[in-house]
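Student: May we go through this model together, one question at a time?
Tutor: Certainly; please keep the structure in view while we proceed.

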Amino acid sequence: MSSSDNHWEVGTDIGGTFTDIIAIRRDSAEARIAKVPSRPDAPVQAMLEAIEAVGLRKSEVKRFVHGTTRVTNAIVEGRLPKVALVATEGFADVLEIARYRRRDLYRLDIPPKSPPLVPPERCFGLAERLDHEGRVLKALDEAEIERLVAWLKQTGVQSVAVALLHAYANPVHEKMLGERLKDVVAHVSLSHEVNPEAREYERTSATVFNAAAMPIAVEYLSELEQRLPIGPGLQVFHSAGAMIPISAVKRRPLVMAMSGPAAGVSASVSIARQLGTSRMLTFDMGGTTTDVCLIVDGQAEMTDGRMLGDKPLRQPMLAVHSIGAGGGSIVRNGPGGLTVGPESAGSEPGPACYGRGGHEPTITDANAVLGYLNPETKLGDRIGIDIESAKRIIDPIAHSLGLSLTETALGIIKVANATMARALRRVTVERGIDGRDCTLLAFGGGGPMHAAGLADLYGIAQVVVPSASSAFSALGCLTADFSFLQQQTLRAALDGIDLARVSERIDTLIVDASAPLIANGVAKAEIQVELVALMRYAAQNDAIPVSFTLPLDVATLKTDFLTRHQELFGYATGEPCVIESVRVQARRPSTTVVSRPATAARAVSSGQRTCSFDGFHDIATAIIDRASLAETVSGPAIIEDAWSTVVVPPGWQAKPDVAGNLFLTRRAA
């Protein structure tokens with residue numbers, strides 16, 4: 001055994017309420033899990049506190065991977081630094097024009113579109129022009145660059161987004177500007193690096209988001225490098241479901257958007273493959289949001305982008321659907337009845353039952369009233385559970401509804417589960433999948449508490465609660481592959497395709513995707529390459545992904561496209577087909593084992609507690625230490641470990657496997 005195996009690998013997930021951490025020692029099965037309160041204003045400090053919470057010194061950590069919602073939250077909350085936009089002359093108003101659609105078709109009392117990411121006074125039209133194939137129609141000259149430099153100095157911005165027309169086909173002018181502007185402004189974001197694809201508005205929007213995220217990311221990543229100096233062992237999880245070196249993230253911080261939820265999906269893929277589950281739904285309920293994703297045949301669904309803050313964020317990422325219904329989501333009793341979220345109590349002050357000054361009822365408070373949370377537990381070794389505070393904060397809602405506290409708390413849970421069931425439908429029914437045929441994988445702080453109730457509501461027969469469920473996203477950071485992804489517009493019709501040109505473009509993408517891995521010490525022979533063609537009919541607008549291998553077989557590619565089109569839309573025709581874009585992912589497979597059982601830092605007392613369930617109020621419920629569970633247990637039961645709670649309601653049963661996973665199923669009548 002090499003000396004490099006005698007070290008600790010650490011994965012962290014910075015959520016809106018808690019920062020989760022899991023540490024695994026490579027030369028043994030020892031694993032440590034902890035939670036600490038998140039620090040929105042000091043994320044690096046929270047990560048260092050998490051390392052201390054698992055009993056490690058910084059010098060013992062040789063590999064550190066983290067996922068974060070820091071960039072996502074800054075975008076959604078509108079806390080982005082000022083950015084300037086440089087576009088081709090005549091296209092500087094692309095963000096203001098946006099798309100033709102209104103924000104809300106039937107509301108005339110609100111503006112049809114939200115304000116542009118960059119106001120007109122910080123948009124610059126540059127005299128240059130390429131055509132759609134990248135041919136130079138108007139060259140960029142020195143005088144024009146000098147005019148831009150003078151304008152940028154007047155604006156005083158520290159970050160600039162450059163999105164020139166058709167730069168995805170030929171980045172020559174953007175590269176010239178990148179070289180000249182690096183000494184003028186601190187941060188330069190180039191569209192051919194961020195999103196080298198057609199769709200001018202989406203590409204420009206993504207480039208601006210990336211430019212705005214650069215000051216945020218560079219500041220805290222540089223601090224992390226300084227305070228945890230472990231070189232290439234310091235890595236970030238990105239939204240496409242893999243790890244990426246920090247040096248690459250500083251150029252493209254946008255890849256961190258949705259990286260926390262993506263890490264949980266990555267760990268879920270490993271579980272799905274181990275269990276041989278053909279269809280799995282991930283259910284990650286944290287303190288602020290609930291994130292769901294579909295896994296089919298061991299592969300998570302991918303998407304080319306999503307909307308954040310009413311703006312398009314276009315880049316390849318895992319198709320995670322998020323809703324504002326986490327444990328800290330605020331409950332309100334309005335004209336239409338009970339609602340949950342999207343506002344959250346966050347980590348400060350948090351739910352009322354945390355005893356930290358929370359003054360609005362949350363989903364977690366409802367779980368506390370129903371007896372699901374252990375009042376003897378301290379979350380993150382710091383936050384106790386105050387049942388009486390939870391009762392006091394929910395009592396006004398109960399009084400206004402004319403219901404008991406128990407009935408009100410059960411109503412809150414039902415509303416929360418219904419909200420989450422709608423999210424499951426978004427990732428199943430809308431993709432032609434019957435969700436009732438899926439296995440539900442529940443993790444996060446609240447997922448195992450709500451999983452059985454959600455499965456009952458949706459019609460799912462089996463729930464799996466993985467080992468280390470409370471820190472599952474942090475575990476996903478460790479089990480994911482080390483990879484980098486490139487996607488670029490190609491626009492090649494299959495009929496009469498120029499195979500030499502297409503193959504040359506693909507080879508270039510493979511080299512570009514492999515470069516960050518090689519720069520971080522990965523041998524070229526260790527790198528695996530996955531190729532996906534984004535294909536459509538010539539008259540279609542949107543493309544669908546089709547995997548392929550080299551050398552490119554056009555006949556096979558077309559057959560696979562027609563088969564996939566039939567699966568998704570119920571028909572396929574003989575119309576001409578087009579390769580719109582090519583996606584290349586270079587990866588070095590992970591060597592970390594996901595099935596390794598995690599050990600808690602302390603034991604959990606067993607016994608009984610009075611709990612309430614739908615149709616069963618105030619009944620004695622068995623409290624079981626998860627570590628000691630070896631046989632099937634029938635509900636009602638609460639299965640606890642040091643960091644999480646699994647609710648087994650009446651009519652359900654739970655059975656462990658040798659890897660520490662729990663399988664929840666309905667009992668036979």
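**Sheets and helices**

Tutor: In this predicted model, four strands form an open sheet with mixed pairing, in the order β29-β30-β32-β33.

Student: Which strands are the edge strands of this sheet?
Tutor: An edge strand pairs on one side only. That condition is met by β29 (607-613) and β33 (645-648).

Student: What is the average twist from one strand to the next?
Tutor: The sheet in question has the order β29-β30-β32-β33. From one strand to the next, its twist averages 30°.

Student: Which residue of β30 stands opposite Thr610?
Tutor: Strand β29 runs antiparallel to β30 (residues 616-625), and six bridges join them. Opposite Thr610 stands a residue of β30, namely Ala620.

Student: Which helix lies across β29 and β30?
Tutor: The helix comprises residues 405-427 and runs at about 65° to β30. Its name is α12.

Student: How many residues of α9 are buried?
Tutor: Helix α9 reaches 25 Å from its first C-alpha to its last, close to the 24 Å expected at 1.5 Å a residue. A residue counts as buried under 20% relative accessible area. By that criterion α9 is mostly covered, and its buried residues number 14 of 17.

Student: Why is α9 described as roughly perpendicular to α14?
Tutor: The axes of α9 (residues 259-275) and α14 (residues 472-479) come within 7 Å and cross at roughly 70°. Angles of 65 to 115 degrees count as roughly perpendicular. The crossing angle therefore makes the orientation of α9 to α14 roughly perpendicular.

Student: How many charged residues does the contact of α9 with α14 have?
Tutor: Helix α9 contributes residues including Gly260, Ala263 and Ile271, while α14 contributes Phe472 and Cys477 among others. By class, the contact has five nonpolar and eight polar residues. The number of charged residues is thus stated as well: no charged residues.

Student: Which residue just after α9 takes a positive phi?
Tutor: Helix α9 covers residues 259-275. Just after this helix, a positive phi of about 70° is taken by Gly276.

Student: Which strands pair with β28 in the antiparallel sense?
Tutor: Strand β28 (residues 577-588) is mostly covered, with 11 of its 12 residues buried. One antiparallel partner is joined to β28 by 10 bridges, and Ala493 stands opposite Val578 in β28. Another pairs with β28 over 10 bridges, and Val529 stands opposite Ala586 in β28. These partners are β25 (residues 482-493) and β26 (residues 528-537).

Conventions: Residues numbered from 1 in each chain as written. Predicted model: local features only at pLDDT ≥ 70, side-chain atom pairs only at ≥ 80, totals over all residues. Heavy atoms only, no water. Axes fitted to C-alpha atoms, helices over the stretch in contact; angles between N-to-C directions. Helix = DSSP H or I, 4+ residues; strand = E, 2+ residues; numbered from the N terminus. Parallel < 35°, antiparallel > 145°, perpendicular 65-115°, else oblique. Contact = heavy atoms within 4.5 Å. Nonpolar A, V, L, I, M, F, W, Y, C, P; charged D, E, K, R; others polar. Pairing = 2+ DSSP bridges. Expected span 1.5 Å × (residues − 1). Buried < 20%, exposed > 50% of the residue type's maximum accessible area, 1.4 Å probe, protein only.
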